[in-house]
Amino acid sequence: MERSRTETPERAERTERWSGADLLAALGIAVSHFEPFVPELNALNVFPVPDGDTGTNMYLTLQAAEREAARRAPRGDTGAGEMLAAAAQGALMGARGNSGVILYQALAGLAEALAHEPVVTGAGLAAGLSRAGELVYQAVLKPVEGTMLTVIREAGVAARRAAETKPAIGPVLDAALAGAEAALARTPEQLPILRQAGVVDAGGRGVVVLLAGLRAFLSGETLQYTAVQPAEPVARSMSFLDIPEIVHDAGEFGYCTNFVLTGASLPLEAFRERMSTLGRSAVVVGDQQTIKVHIHGDHPGQILEAALEYGELQNVRIDNMSAQTRALLAERQQQPEPAQDSDAQAAGLAVVAVAGGEGLATALRGMGASAIVLGGPTVNPSTEEILRVVERLPNREIILLPNDKNVIPTARQVAALTGKQVRVVPSESIPQAISALSALNLDASLDKNVAEMTAALPLVRSLALTRATREVELDGLAVRQGDFIGLLDGALRAAGVGPAPVMTRLLELAGAGSAELATLFTGEPADDALVAAVSAAIAARFPALTIEVAPGGQPHYHLLVALE
């Protein structure tokens, strides 16, 4: 799409309500407005580490939302509810990091509250922001006040109050922005760690920037979208309707029934429960307008009749798995059994791991990972990027190792978007991934592996060495910009001028005196002299500790260390 800004005479109309076309233009303005703030948001890290990514994650998620809305709604008569649903779907597939997943939930709340609405009024916006506040809290296992969640909720509260007396969209949006700004200013009072670091919550600041961008649309800026012929094919976001069907192997019997259910205000959770009583391996994904179903059962007619009680059926497909199995077994009896059958691999499980360096990827593959998703600190992969790797594998059972606290929420979105069985082992670092992979047993069941690999996560300490990006004092530790800093299991614990003293201090805190092995993964910033100095210092301080050095190739961090 090609953007151009123009002044329009319809500003008064836009302060009352937004059509679908207005909503798309407002989203475009918001994305353009957000971009210059990305470095500022990334810098709002509590720890002075060079991997701030909140701004990048929110911006890329917003871009994906805008792109999908524009792709799904090329006509000028598209309703606002449909536009929001498309934006939410784009945000789901493009969600990166914790902030991106929360942003998707907020858009989903807006889309849910305004489903089927042709325009957005002030009252509708207030209802949507209120629902967004509810969904973001539901999406987080342990909600914490003083974060992005609080800012979204308070924006909804302020919007709802304004709508009671001034239901036009302009006053409601103004109130939402004011409520968000006030909530953001209070975040350091609610989270002491923010007050110590002298920052406000980065995700909350991103919400304020987003609302300010939407507010800019009311000042007269619009975007005109004109189709352009790209020089080469442009990759689009994947919808859950685009996910390929499952290919079944021997051992599965009965019928595999696939269909799409459409309707108005479909009760997704109730429908999912109903399907689960009628068959096996049920996968039910979608929203209030469109639900895709994949289910195994002995009576497909009963499944379809039950679905018709909720809406209309599209794209019905029924496969006889028993017949497929008989044909496959007959074919195999006529052929010599290969030494390593690809069907056996497909029937088993695979591990997909996230890594941000070629050396780290090589190490994870050597431990048993089947595929690597490029990513890590600063470069968090999107839902779609992880899903694409999962779908490309022949295996039907997948374990995901996110290897970064900020990637875990994104990885958890994948399970609902694929017909495969996907589980997340919540690894927060590369050392934890290595520990988890050491517990991998390809002869065991998926659930057994998930349990054993999860139990192995705390058996390793994760250490990291990098340079401070700014001056700060946290928990009594004074850090100057440019100092070497050490993180232990994600927490800032040591700082100093030289890398060797910082690393030995970090190892002392980690209990290296009773450990057996320290594996040092060297990153892009580390030179041979630094690695040699740190290795020598560790050997002198902990003579019984075995030290192994391996290339990691990770950005930003001089060393990542697994202490076992």
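Rings of Phe, Tyr and Trp (its six-membered ring) pair if their centres lie within 6.5 Å; planes under 30 degrees apart count as stacked, over 60 as edge-to-face and the rest as tilted. This is a predicted model: local features need pLDDT of at least 70, side-chain atom pairs count only at pLDDT 80 or more, and totals for chains, interfaces and linings use all residues. Residues are numbered from 1 along each chain as its sequence is written, and side-chain values use heavy atoms, with hydrogens and water left out.

**Exercise 1. Find the aromatic pairs and place them in the chain.**

Step 1. Searching the whole structure gives two aromatic pairs.

Step 2. Take W18 and F217. Their centres are 5.3 Å apart and their planes stand at 85°, an edge-to-face pair. W18 sits in strand 2 (residues 17–19) and F217 in helix 11 (residues 202–218), 199 residues apart. Helices (H or I, at least four residues) and strands (E, at least two) are DSSP runs, numbered from the N terminus.

Step 3. Check the cover. Both W18 and F217 are buried. Buried means under 20% relative accessible area, exposed over 50%, partly exposed in between (1.4 Å probe, protein chains only).

Step 4. Take F271 and Y310. The ring centres are 5.0 Å apart and the planes are at 75°, so this pair is edge-to-face. F271 belongs to helix 12 (residues 268–276), and Y310 to the loop between helix 13 (300–308) and strand 8, so the pair ties together parts 39 residues apart in sequence.

Step 5. Compare with the cut-offs. F271 has a relative accessible area of 1%, so it is buried. Y310 has 25% relative accessibility, so it counts as partly exposed.

**Exercise 2. Test the length of helix 5.**

Step 1. Helix 5 (residues 80–94) has 15 residues. The expected span is 1.5 Å times one less than the number of residues.

Step 2. That rise predicts 21 Å, and the end C-alpha atoms are 21 Å apart, so the two agree.

Step 3. Look at the cover: 13 of the 15 residues of helix 5 are buried.

**Exercise 3. Describe the surroundings of helix 16.**

Step 1. List the buried residues of helix 16 (residues 358–367): G359, L360, A361 and L364.

Step 2. Find their partners by contact (heavy atoms within 4.5 Å). The buried residues pack against several elements, including strand 9 (349–355), helix 19 (430–438) and strand 20 (559–563).

Step 3. Look past the end. G368 follows helix 16 and has a positive phi, near 125°.
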